[in-house]
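Me: Could you take me through this protein model? I would like the overall picture before the details.

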Amino acid sequence: MPSFEKGLVELGEGLHAYLLPDGSWGLSNAGLIQGEGASLLVDTLFDLRLTREMLDAMDPLTSRAPIATLVNTHANGDHCWGNQLVGGAEVIASKATAEEMSRVTPAMMRMMVSVDFGPVLTPYLRERFGLFDFDGIEVPPPTRTFDGRIDLEVGGRRVEVIEVGPAHTDGDTLVHVPDARTVFTGDILFIGGTPIVWAGPVRNWVAACDRILALDAETIVPGHGPLSDRRGVEAVKRYLEFVWREASERKRAGMSALEAARDIELGEYADWGASERIVVNVDSIYRELDPQHPPANVLGLFLQMAEMAKR
Ligand SMILES: [Zn+2]
């Protein structure tokens with residue numbers, strides 16, 4: 001993982017990112033876009049403590065331009081489980097994201113870090129998710145949903161909200177600030193870490209990378225990891241195309257998804273954080289190639305990742 005600092009980074013006039021090192025599991029980024037007297041927050045964080053800390057850091061900025069709008073880039077908890085602390089704001093998410101937000105609950109994460117799943121999976125989950133506090137989290141449904149794209153105005157400033165999912169999740173969304181040539185990508189981009197294909201299809205995610213490149217932004221704020229530029233987008237796209245190719249070949253050769261994940265030589269991608277996510281990525285690609293492939297079993301996939309991370 002490349003090193004970067006925690007906290008607010010000024011990207012331009014009235015534009016900030018909030019970064020959480022090291023960008024691994026649950027350590028996600030957010031953004032603050034400010035116009036005349038009003039602000040738009042891109043995503044909250046994984047728990048109430050982290051989100052409160054972020055909102056406190058933003059307070060000198062938001063006291064003169066309160067957060068009127070919150071956009072959630074997708075439904076993973078590390079991007080929306082602090083929503084209840086942003087009182088009074090309009091909360092916007094794609095329709096698919098809103099549906100997924102109601103299915104994935106903090107109680108599931110509490111179960112994952114509290115139940116004993118045996119000597120391999122238990123430490124793997126607790127090391128990654130045990131530092132978060134999943135108590136007291138409520139996720140109110142978004143107040144406004146959309147399909148495709150909506151253009152917003154934040155204190156006189158135009159912000160484009162562009163749905164590109166399903167890819168990482170069911171309803172991934174980009175937030176583009178044209179006047180600052182900046183885009184917040186949510187988890188369409190992991191920088192320094194390995195992308196994880198929970199939903200797919202991979203071709204949609206590749207198309208999402210092309211969509212970001214076509215925006216011709218100068219500053220790209222990933223969902224995880226340090227600030228980036230088009231090279232970061234191109235690297236994620238290359239990784240996805242690589243995994244698609246390698247997994248498809250092995251499926252044709254008759255390997256199981258797990259055999260394929262273990263067999264793929266990651267090469268230049270082996271140094272990316274959480275490279276064991278290849279397990280989930282191959283499983284999702286097998287499902288794309290064969291609708292008969294069983295639906296994702298999240299705990300089973302975490303066990304396979306835990307085993308691979310140990311090797
Ligand atoms: Zn995330």
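The chat below goes from the whole chain to a helix, a hairpin and some backbone angles.

Me: Before anything else, what kind of model is this, and which residues count?
Reply: This is a predicted model, in which local features need pLDDT of at least 70 and side-chain atom pairs count only at pLDDT 80 or more, while totals for chains, interfaces and linings use all residues. Residues are numbered from 1 along each chain as its sequence is written, and side-chain values use heavy atoms, with hydrogens and water left out.

Me: How many helices and strands does the protein chain have?
Reply: The protein chain has nine helices and twelve strands. These are DSSP runs numbered from the N terminus, with helices being H or I over at least four residues and strands being E over at least two.

Me: What about the overall dimensions?
Reply: The C-alpha trace spans about 60 × 40 × 35 Å along its principal axes. The radius of gyration is 19 Å, which agrees with the value near 19 Å for a compact globule of 311 residues. That radius is taken over C-alpha atoms, and the globule rule is 2.2 Å times the number of residues to the power 0.38.

Me: What share of the residues is buried?
Reply: Of the 311 residues, 57% count as buried. Buried means under 20% relative accessible area, exposed means over 50%, and partly exposed lies in between, with a 1.4 Å probe and protein chains only.

Me: Turning to H5, what is its span?
Reply: Helix H5 covers residues 202-215, and its 14 residues reach 20 Å from first C-alpha to last, close to the 20 Å expected at 1.5 Å a residue. The expected span is 1.5 Å times one less than the number of residues.

Me: Which of its residues are buried?
Reply: In H5, the buried residues are Val202, Trp205, Val206, Ala208, Cys209, Ile212 and Leu213. Seen down the axis of H5, they fall within an arc of 155 degrees, so they line one face of the helix. The arc is that of the directions from the helix axis to the C-beta atoms.

Me: Why would such a pattern arise in a helix?
Reply: An α-helix has 3.6 residues a turn, so residues three or four places apart point the same way.

Me: And what covers the buried residues of H5?
Reply: The cover includes strands S10 (173-177), S11 (182-184) and S12 (219-221), together with helices H6 (230-252) and H8 (278-289). The face turned away from the buried side carries the exposed residues Arg203 and Ala214.

Me: New topic: how do S8 and S9 pair?
Reply: S8 (residues 149-154) and S9 (residues 157-163) pair in the antiparallel sense over six bridges; pairing requires that DSSP finds at least two bridges between two strands. They form a hairpin with two residues between them, and glycine 155 in the turn has a positive phi of about 50 degrees.

Me: Where do the side chains of S8 point?
Reply: They alternate: Ile150, Leu152 and Val154 point to one face and are buried, whereas Arg149, Asp151 and Glu153 point to the other and are not.

Me: Which residues other than glycine should I check for positive phi?
Reply: Among them are aspartate 43, with phi near 70 degrees, and aspartate 216, with phi near 55 degrees. Aspartate 43 is buried, with a relative accessible area of 1%, while aspartate 216 is partly exposed at 41%.

Me: Where are the cis peptide bonds that you can list?
Reply: One joins glycine 165 and proline 166, with omega about 5 degrees. Another joins glycine 200 and proline 201, with omega about 0 degrees; proline 201 is found in the loop between S11 and H5.

Note on methods. Contact means heavy atoms within 4.5 Å.
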